[in-house]
Amino acid sequence: MSLSDPISDMLNRIRNASGAGLKVAEVTYSKMKSEIAVILKKEGFIREVSIDGEGTKKVINLVLKYDAEKKPTIKGLRRISKPGLRRYVGFDKIPRVLGGMGVAILSTPSGIMTDNEARQRRVGGELLCQVW
């Protein structure tokens, strides 16, 4: 099955799995999705990332994180740049998510990174999504 927006599919799978209280969200593998998953782990939104399978059958398993009341740590996900309307920002125009409580993920010439990293390196790029 071909998807027109695989990143949006990944975010929807995470949103649906956390809303249903599942432990693991399974996403088809791509290098970009893998890098986004690593950023989500580094920022503390998910517990663990593992890649299973070989060749074209690779999947990314995301172990979701919940608080003591069994509420997901990811409160919201928003896809910003879409295939129909790409959103590019300079480093000085990168938006802050909930006043710094969330994180924006960008695709820059230096790779995929968070909004804070992009500001420090003074690079702009495509604003992929926001997580809070």
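This note goes through the salt bridges, helices, strand pairing and ring contacts of a predicted model.

1. Salt bridges overall. The predicted structure contains five salt bridges. Three of the pairs, R79 with D5, R13 with D9 and E126 with R86, are taken up in the points below.

2. R79 and D5. These two side chains form a salt bridge with an N to O distance of 3.0 Å. R79 belongs to strand 4 (residues 77-79), while D5 is in the segment before helix 1 (6-20), so the contact ties together parts that are 74 residues apart in sequence. Both partners, R79 and D5, are buried.

3. R13 and D9. Here too a salt bridge joins the side chains, at 3.0 Å from N to O. The setting is local: both residues lie in helix 1, four residues apart, which is about one turn of the helix. Their exposure should be stated separately for each partner. R13 has 36% relative accessibility and therefore counts as partly exposed. D9 has a relative accessible area of 18%, and is therefore buried, the cut-off being under 20%.

4. E126 and R86. The closest N and O atoms of this salt bridge are 2.9 Å apart. E126 is in strand 8 (residues 125-131) and R86 is in the loop between strand 4 and strand 5 (88-89), so the pair ties together parts that are 40 residues apart in sequence. E126, at 11% relative accessibility, counts as buried. R86 is partly exposed, with a relative accessible area of 41%.

5. Helix 2. This helix covers residues 31-42, which makes 12 residues. From its first C-alpha to its last it reaches 17 Å, close to the 16 Å expected at 1.5 Å a residue. Which of its residues are buried? The list is K33, S34, I36, A37, I39 and L40. Just after helix 2, G44 adopts a positive phi of about 90°.

6. Rings. The count of aromatic pairs in the structure is zero. A ring contact with a charge can still be reported: the charged end of K58 sits over the ring of Y29, at 4.7 Å from the ring centre.

7. Strands 6 and 7. Strand 6 (residues 103-108) and strand 7 (residues 111-114) run antiparallel and are joined by four bridges. They form a hairpin, with two residues between the strands. I105 has T114 of strand 7 as its bridge partner.

8. Helix 3 and N116. N116 is located in helix 3 (residues 115-121). Is N116 buried, partly exposed or exposed? At 44% relative accessibility, N116 counts as partly exposed. Its side chain makes a polar contact of 3.1 Å with the side chain of R119. For reference, N116 and I60 are 56 residues apart in sequence, and their C-alpha atoms are 25 Å apart in space.

9. Points to check in the viewer. For the contacts between distant parts of the sequence, look at R79 with D5, 74 residues apart, and at E126 with R86, 40 residues apart. For the contact within a helix, look at R13 and D9 in helix 1. The K58 charge over the Y29 ring and the bridge from I105 to T114 can be inspected in the model as well.

Definitions and conventions: Residues are numbered from 1 along each chain as its sequence is written. This is a predicted model: local features need pLDDT of at least 70, side-chain atom pairs count only at pLDDT 80 or more; totals for chains, interfaces and linings use all residues. Side-chain values use heavy atoms; hydrogens and water are left out. The expected span of a helix is 1.5 Å times one less than its number of residues. Buried means under 20% relative accessible area, exposed over 50%, partly exposed in between (1.4 Å probe, protein chains only). Rings of Phe, Tyr and Trp (its six-membered ring) pair if their centres lie within 6.5 Å; planes under 30 degrees apart count as stacked, over 60 as edge-to-face and the rest as tilted. A charge sits over a ring if NZ of Lys or CZ of Arg is within 6 Å of the ring centre and within 35 degrees of the ring normal. A salt bridge is a side-chain nitrogen of Lys or Arg within 4 Å of a carboxyl oxygen of Asp or Glu. A polar contact is a pair of N or O atoms within 3.5 Å; within protein, one must be able to donate a hydrogen and the other to accept it, and residues adjacent in sequence count only if both atoms are side-chain atoms. Two strands pair if DSSP finds at least two bridges between them.
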